[in-house]
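Reader: I have a structure to go through before setting up some calculations. Can we take it piece by piece?
Author: Sure, here it is.
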Amino acid sequence: MERSLNRANDEIRPVKITTGYTKYADGSVLIEMGETKVICTATIEEKVPPFLRNTGTGWINAEYSMIPSATQQRKVRDSVKGKIDGRSQEIQRLIGRAIRSVVDLDKLGERTIWVDCDVIQADGGTRTASITGGFVAAAQAIYKLYENREIKHLPIRNFVSAISAGIVDGTPILDLCYEEDSSAQVDMNFVMTDRGEFVEVQGTGEESPFTKSELVKLLELGEKGNKELIKIQRAAIPEIGDAVMGMDYGKDIIIATGNKHKLQEIGDILKDFDYNIYSLKDVNLDGIEIIEDGKTFEHNALIKARTIAKLTGKICIADDSGLVVDAIGGKPGIYSARYAGENATDEENRIKLFDAMKDIPMEERTARFVSAIGVVLPDGKEFTARGTVEGKIAFEEKGENGFGYDNMFIVDGYDMTFGEIDPEIKNRISHRANALKKMREEFIKRVVR
Ligand SMILES: O=c1nc[nH]c2c1ncn2[C@H]1C[C@H](O)[C@@H](COP(=O)(O)OP(=O)(O)OP(=O)(O)O)O1
Ligand SMILES: [Mg+2]
């Protein structure tokens with residue numbers, strides 16, 4: 001389908017949010033979505049509707065209207081007609097509900113935020129643009145109360161935005177302009193929060209009924225559009241964005257290791273992770289000395305990640321790992337890298353371990369590799385994840401792959417050492433793979449939006 005502005009079917013129109021558009025309101029924006037333009041202002045009034053008086057609870061009210069020249073045919077003002085038309089009535093209720101859904105009205109205190117949405121040019125999607133812009137204006141007004149210490153806690157729980165999607169000529173499309181809207185068979189509006197939750201879904205198959213799979217397709221379009229809108233809202237009010245949604249951690253991850261084998265493995269294991277992965281060399285920090293004086297793998301991993309996070313301001317992950325051998329009381333453990341001395345080579349460490357194990361029979365040579373992954377975020381938040389893999393210490397070195405103790409570790413379930421095994425298999429079953437898998441789950445919960 002040909003769309004104006006050469007838009008793809010899943011593409012929103014260019015959006016621009018201009019803050020501080022008018023001078024007297026407590027919050028004020030001009031939102032432009034393609035040719036649709038809406039002035040949204042928010043004004044604080046120190047009183048509430050009668051039904052809330054003396055409850056300590058606040059209220060948010062919205063009004064929506066179009067100026068006479070907003071449409072191709074001059075539209076008579078409501079004030080001249082003497083009544084608000086049904087459509088405006090319905091829309092302003094929707095705007096009010098949408099914004100109230102993300103604000104804790106108890107914490108707002110006994111006051112009303114008036115959100116006024118005046119459409120100055122209408123080219124489809126005026127109600128959704130009013131919600132998206134109206135929220136920004138309301139957030140500014142509420143944030144002002146918070147900054148002036150008139151309220152103790154910021155009562156904004158989430159960002160909220162709205163977008164339309166519909167089916168035109170049998171094709172699901174996002175963000176309909178007027179022309180598309182007037183020939184749509186199905187017309188929907190999605191109001192969503194930054195957490196991807198729905199606040200309101202409006203949909204009608206006015207021209208023809210729609211199927212479940214079409215509904216799902218429209219839903220996905222709505223989700224995509226709202227995600228993009230919330231990014232644009234956030235860019236318009238970054239300070240409020242940080243206060244409500246937490247800091248934006250960015251899309252870069254630095255792997256804080258001086259070990260090129262680990263770097264390679266971590267890079268391979270995380271290759272389908274939706275982040276840009278950098279090495280210490282990439283950020284000109286290779287060769288940095290970090291003192292690993294923690295008492296656990298986790299502690300050491302965090303020491304490494306913290307050091308690099310402080311220097312770069314980016315998300316950093318580090319691995320602290322080692323070999324835990326049962327017959328010698330768990331040694332070398334956290335001292336694996338310096339088992340044979342401070343600057344020992346992998347080979348010197350292996351020789352020392354073979355020597356310590358020389359009289360131990362096969363069944364008592366059980367051991368495990370341990371990897372602790374430490375993650376440190378730019379705001380100092382951190383977490384760890386641990387993975388292990390069980391095996392036995394061989395009597396002699398076998399295989400050319402890997403590094404460290406790989407060629408003397410016979411991995412359970414395979415009659416091979418990590419030195420013999422295909423690196424792709426190692427990266428599926430290793431301690432590092434297991435730790436990174438857990439790290440990812442935690443990362444998605446805590447970091448990814
Ligand atoms: O998959 C592995 N295969 C074989 N050996 C391994 C493995 N994973 C850890 N290891 C051994 C190597 C080193 O002797 C010690 C890690 O010491 P550890 O301090 O964590 O690493 P490191 O100093 O080489 O690099 P960095 O601290 O910069 O990440 O355990
Ligand atoms: Mg180290």
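Reader: Which residues come nearest to ligand 1?
Author: Keep in mind that this is a predicted model. Thr257, Gly258, Asn259, Ala337 and Gly404 come nearest, out of 22 residues around ligand 1.
Reader: How does the shell around ligand 1 split by class?
Author: Ten of its residues are polar, seven are charged and five are nonpolar.
Reader: And which element gives the largest share of that shell?
Author: Strand 12, residues 315-325, with four residues.
Reader: Switching to the sheet of four strands. What is the order?
Author: The order is 7-6-8-9, in an open sheet with antiparallel pairing.
Reader: Which are the edge strands?
Author: Strand 7 (171-174) and strand 9 (198-204), each of which pairs on one side only. From one strand to the next, the twist averages 15°.
Reader: How many bridges join strand 6 to strand 8?
Author: Nine, between residues 160-168 of strand 6 and residues 184-193 of strand 8, and the two run antiparallel.
Reader: What stands opposite Ser164 there?
Author: Asn189, in strand 8.
Reader: Now the helices. Which strands does helix 4 lie across?
Author: Helix 4, residues 126-147, lies across strand 6 and strand 8. Its direction is at about 165° to strand 6.
Reader: What about helix 6, which strands does that one lie across?
Author: Helix 6 (residues 212-236) lies across strand 6, strand 7 and strand 8, and runs at about 145° to strand 6.
Reader: OK, that will do for now.

Notes: Residues numbered from 1 in each chain as written. Chains lettered and ligands numbered in written order. Predicted model: local features only at pLDDT ≥ 70, side-chain atom pairs only at ≥ 80, totals over all residues. Pairing = 2+ DSSP bridges. Axes fitted to C-alpha atoms, helices over the stretch in contact; angles between N-to-C directions. Contact = placed C-beta atoms within 7 Å. Near = placed C-beta within 6 Å. Nonpolar A, V, L, I, M, F, W, Y, C, P; charged D, E, K, R; others polar.
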